[in-house]
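Work through the exercises below with the sequence and the 3D view at hand. Each task is followed by its solution.

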Amino acid sequence: MGEALAQLSEHAPQGNPLAGGTNLVVEMRVGRHQGKSMVDLGRLKELRGIQAQNGHIVIGGGTTVSELLKHPLIADHAVPLCQSAAVFANPLIRNRATVAGNLVDASPAADLAPPLLALGAEVELVSREHTRWVSLDEFMVGVRKTLIQPDELMRSIRWSKPPKRSAGAFYKVGLRKADAISVLSAAVMVACDTSGRCKLARIALGALAPRPLRAYEAEDVLQGQPLQAEGIAEAARLAAEAARPISDIRGTAEYRKRVTEVIVRRLLVQASEALEHP
Amino acid sequence: MVSLKVSVNGQDVHVEVRESEYLAEVLRYRLGLTGTKIGCNEAECGVCTVLVNGTPVDSCVYPALKAQGAQVLTIEGLAPDWRAEAKRRKLEGASAVDLHPLQDAFARGGAPQCGFCIPGVIMTAKALIDQKPDPSEQDIKVALKDTYCRCAGYSFITNAIQTAAQSVRTGRPVPPEPFALPGTKTPLNVIGRPLPRPDVVAKVTGEAKYADDYHFPSMLHARTLRAGHAHARIKRIDTRAAKALPGVRAVLTAADVPGEPNHGLVYADWPALCGDKVRYLGDAVAIIAADTREIASQALGLIEVDYEPLPLVTNPVQARQPDAPHVHEAGNLLKHIKVRKGDVDQGFAEADVVLEREFRTPFTEHAFLEPECAIGIPEPNGRLTVYVGSQIPYQDRAQIAACLGEPEANIRVIGTLIGGGFGGKEDIAGQIHVALLARATGQPVKMLYDRHESLTFHPKRHATIIRIKLGAKRDGTLTAVQTELYGDTGAYASLGDKVMTRATTHSAGPYNVPNVKADCYAMYTNNPPAGAFRGFGVTQSAFAVESMMDWLAETLGVDPLTLRRQNALRVGTVTNTGQLLRESVGLVECLDRVGAHLQSLTCEPWRGVVSGSRVRAWGMAAGYKNTGLGGGAPDKSAAEVELFVDGTAEVRTSAAEIGQGLVGVVAMCTAEELGLPYQHVKVLLSDTDLTPDAGPTTASRQTYVTGNAARLAARALREALATTLAEKYDQPPEMIRFEEGLARVNGHEVPLGEAARLMKREGREPKALYTYWAPQTQPLGTGGDMHFAFSYAAQAAEVEVDLETGQAHVLQLVAAHDIGRAINPLALEGQIEGGMIMGLGNALTEEYIIDDGQIFTDYLARYKMPSIKHAPKVTSIIVEDETAEGPYGAKGVGEIASIPTTPAITNAIYNACGVRVMRLPVDQDKLLLALKRGDKEVY
């Protein structure tokens with residue numbers, strides 16, 4: 001780990017950490033990243049592992065998507081992340097692609113970002129000199145832009161264990177000509193108190209803005225209310241309003257906005273049903 | 001160079017590699033393990049899958065050095081791996097095991113078609129059953145998502161994996177016939193039986209060799225400089241810097257083509273190398289041969305070309321305008337194709353209902369998983385050999401010879417196995433280039449396209465605009481159909497003339513229409529060329545006419561199946577081109593059997609069934625497709641059958657095996673006629689020095705013409721044998737029976753090997769060459785028989801539409817195909833399911849996107865084709881309305897299966913949600929918008 005950080009520091013800004021290589025290598029094969037030095041992180045044990053620590057779930061940045069899919073802590077404490085991992089690219093890519101890689105790549109359509117946003121995740125960035133934690137929401141700045149510095153690595157990602165009486169869900173809309181990247185995706189996480197009122201709501205959207213984002217206003221209308229059709233519909237409407245999609249070859253902005261509302265509503269209904277019938 | 005130490009298939013390997021090499025390249029090119037294929041270099045297609053420490057990875061993007069110290073398992077190591085396990089588990093007959101149960105089940109179950117994807121699929125499946133010893137269908141769909149099989153034998157793959165998993169679990173061998181097939185006629189000795197294709201073991205072990213799997217000593221590697229401009233004049237080409245690069249052996253431009261400057265299957269309009277101007281992005285401007293592929297690639301960047309951009313022609317309607325820029329000097333019209341029957345004005349006047357609409361279809365891409373590859377080898381005797389996976393080896397030879405300015409006899413074309421063609425490997429790709437470079441350097445030269453180049457370069461399915469007007473009486477009788485078609489044939493003719501002719505002649509559907517008028521304009525543009533693609537134009541026009549038939553049924557308030565049945569072609573009716581159908585028209589039976597099956601599922605198939613925001617409904621369509629070239633083209637094929645003294649036979653012909661199973665068809669015909677066991681017949685395909693010309697592998701023709709050639713060659717040989725035996729054993733030849741590898745003659749049982757020896761002793765060779773001429777056809781416009789046979793189909797699709805998102809999914813397909821006679825029900829079913837799934841892609845996901853001459857779809861990631869997760873349940877019904885002249889009654893099947901699928905799906909979408917799809921592929925975005933707006937049609 002020390003050597004990897006030293007290498008990155010030495011080669012900055014031309015050093016490029018290489019983990020699963022599912023984005024980087026494919027880009028290299030079409031002629032990008034020429035003149036850069038790849039720092040292979042593939043064998044760093046420090047970047048692996050999924051654990052419960054002090055009320056948090058902590059996963060190493062080098063955890064593969066397949067590992068997420070297989071781990072009971074993820075199945076128990078990160079339902080939307082597990083659902084996202086299940087539909088992430090394909091099994092071969094899942095065997096290679098890492099969580100940190102997906103987040104650092106900072107595609108607006110990164111599939112793991114919405115569920116981790118919904119879980120309220122933070123990321124740990126380390127360099128030879130320092131270690132810092134930032135919330136994932138702050139970490140993501142824009143299209144292919146994050147707070148990570150050229151000499152830093154994303155060592156781990158963590159989130160608080162969701163409380164009792166919580167539920168979450170993820171869905172992505174794909175199956176469209178021209179591209180395998182999702183047209184839009186969304187994740188929700190809700191928790192209720194004993195009286196059935198919502199005490200926590202997070203709604204996150206992917207491929208609907210320059211970076212994956214939280215729909216805060218939509219979350220606010222759910223706070224303190226029972227999770228019922230009317231509130232859910234309003235939250236879904238506000239989530240669609242928060243979306244700032246573009247029109248591209250994969251879908252029009254209008255379509256994305258309209259379907260965002262449908263998907264967020266369905267996810268909230270699904271989550272509320274899961275709360276009623278745990 | 002760095003040292004890589006890795007265990008491959010249980011053996012420690014030390015190999016020097018460059019840091020930039022990938023595992024697939026090391027396996028294939030340094031270790032010679034060519035069972036691992038490369039399809040895309042983008043981690044999109046999965047054909048390169050190997051196991052690294054037990055985990056399946058895409059080896060094409062797996063940096064080789066990441067495998068340092070790892071255990072790598074490839075297809076070549078699978079059987080030894082299983083032998084070791086079988087021994088450890090003390091399984092019965094362990095030492096005798098030749099194949100892993102997965103390989104065995106894939107082979108017996110008919111999963112491989114072209115076979116190119118199979119090593120990757122099997123390795124992915126191996127990892128799955130290691131994890132899940134009893135995988136469900138869903139487990140398989142998850143594990144194989146994006147491990148593509150373009151022949152789309154997904155149900156065969158699923159069955160094979162489950163069968164193999166059971167064998168691994170229990171240690172019991174794979175059953176000989178793993179699963180059920182649709183019912184077909186009682187088989188003969190060989191014909192009609194579900195036999196594994198002769199090349200199947202090679203295809204499941206990785207031994208099957210495709211063009212890039214060949215390597216020759218001192219072989220150079222070639223690359224092509226592509227224009228990168230859609231329409232431009234070439235002002236200057238400077239190759240000096242490229243030539244000066246160490247390791248570069250030759251750089252050739254148009255000036256270096258010694259013979260004919262152009263090639264082309266119908267019209268020689270396609271420059272081997274462009275000298276004065278380029279007409280699409282993928283045009284070849286220069287070719288390079290160098291010591292390595294890397295040097296050749298580097299040299300590409302050193303060639304300087306000055307272009308003067310010219311105005312673009314981007315669509316066929318613009319192309320036809322008088323002031324449009326000219327793509328070719330003679331103008332942009334490739335051909336105006338006309339069909340005339342009766343008097344349409346009168347037909348519309350007689351109609352109670354007249355409907356008219358315009359439909360659009362996009363360019364689509366074959367996406368055969370094996371990118372094009374050719375190897376040219378100068379021979380010591382001055383001749384030149386070209387290895388290539390091509391659908392038309394003899395025409396390759398003619399075209400190579402013409403460009404080289406050499407006699408055809410100088411050239412030998414050896415056809416390798418083909419990793420999928422679907423029409424996309426009929427035109428010249430690298431064949432001429434490697435010949436030129438081999439001549440220039442005196443060394444063997446390999447030209448391998450990467451996926452990006454393949455997508456950019458090769459001809460597509462024609463994009464079309466089809467306007468159709470249809471008139472009918474209140475009782476449903478069609479009175480007139482008028483169509484106007486525009487076909488975008490792109491920069492070069494390729495087979496555009498023939499494809500659009502087929503689109504036009506079939507544009508009124510498989511119906512008895514008294515008055516027909518069709519006009520088609522096949523236009524040159526600055527888009528990539530368009531040529532042959534399974535369905536050959538009929539895929540496009542079927543979408544238009546079958547959509548209209550459903551609309552007519554709705555307008556008249558009649559059942560869509562009944563309406564089609566009422567108007568269906570049948571014996572005694574006359575086609576649009578004036579051909580009286582005298583026999584073998586199984587359309588009505590297809591319709592009836594699909595109808596009966598739907599009845600067994602639901603009494604109101606066309607009515608939507610709502611469940612929350614989702615609606616399900618069925619839709620249907622019919623179709624027909626000619627077998628053979630037709631239109632007056634001489635259609636012949638030759639085959640030679642030789643009997644050896646060991647009692648085996650060989651059949652030789654130059655038909656191409658592109659996954660359709662032709663190699664099995666000719667072996668079966670030969671075995672049937674000679675009374676030999678199927679396993680005793682070997683097949684040698686596609687070597688212009690050794691195998692006679694079978695014509696192009698196109699137009700669903702090979703089973704018919706080459707099946708007949710093999711059948712009649714074998715029959716001629718049998719008759720010759722009978723003459724010999726008759727004399728020796730004193731019995732009339734017609735009394736001699738040939739069965740089970742024996743001739744039964746006058747109480748004797750003479751093994752055929754012995755019979756061959758007797759013939760030789762008489763000074764006669766025990767072989768026979770037969771050139772089969774298919775029945776004469778007539779050119780379009782002259783009336784009479786334009787084609788010698790047609791296949792027919794009726795298909796129904798159950799579709800679910802999500803009314804809130806516009807997403808549409810196909811849940812199941814029911815289909816009946818009249819293919820005359822099932823020669824091999826196993827291969828037939830593979831063709832049918834694969835064709836239908838290709839049709840599903842055509843309906844829902846596939847579009848090759850070009851914007852203003854610029855290609856968007858230049859990576860495989862940008863082209864969605866159906867994967868196993870899209871593959872619905874298929875119920876297949878075989879109708880065998882025999883054609884007298886076909887081999888044992890057989891007609892073609894290659895194309896018909898993919899023709900009605902698209903309109904069956906779009907009609908189901910209408911039945912589910914009330915919106916008609918007027919443009920392909922179905923766009924969930926636009927469909928949702930139409931639903932919200934209450935529009936009845938979506939463009």
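**Exercise 1.** Find how many residues each chain brings to the contact between chain B and chain A, and how much area is buried there.

Solution. Chain B gives 49 residues and chain A gives 40. Contact means heavy atoms within 4.5 Å. Next, the area: about 3700 Å² is buried between the two chains, and carbon and sulfur atoms give 52% of that. Buried area is the accessible area (1.4 Å probe) lost when two parts are put together, summed over both.

The model is predicted: local features need pLDDT of at least 70, side-chain atom pairs count only at pLDDT 80 or more, and totals for chains, interfaces and linings use all residues. Residues are numbered from 1 along each chain as written, chains are lettered from A and ligands numbered from 1 in the order written, and side-chain values use heavy atoms, without hydrogens and water.

**Exercise 2.** Count the salt bridges between chain B and chain A.

Solution. There are five. A salt bridge puts a side-chain nitrogen of Lys or Arg within 4 Å of a carboxyl oxygen of Asp or Glu. One of them joins B:Lys66 to A:Asp40, with the closest N and O atoms 2.9 Å apart.

**Exercise 3.** Classify the ring pair B:Trp270 and B:Tyr492.

Solution. Rings of Phe, Tyr and Trp (its six-membered ring) pair if their centres lie within 6.5 Å; planes under 30 degrees apart are stacked, over 60 edge-to-face, the rest tilted. Here the centres are 5.1 Å apart and the planes meet at 10°, so the pair is stacked. Now check burial, meaning under 20% relative accessible area (1.4 Å probe, protein chains only). B:Trp270 is buried at 4%, and B:Tyr492 is buried at 0%.

How values were computed:
Buried means under 20% relative accessible area, exposed over 50%, partly exposed in between (1.4 Å probe, protein chains only).
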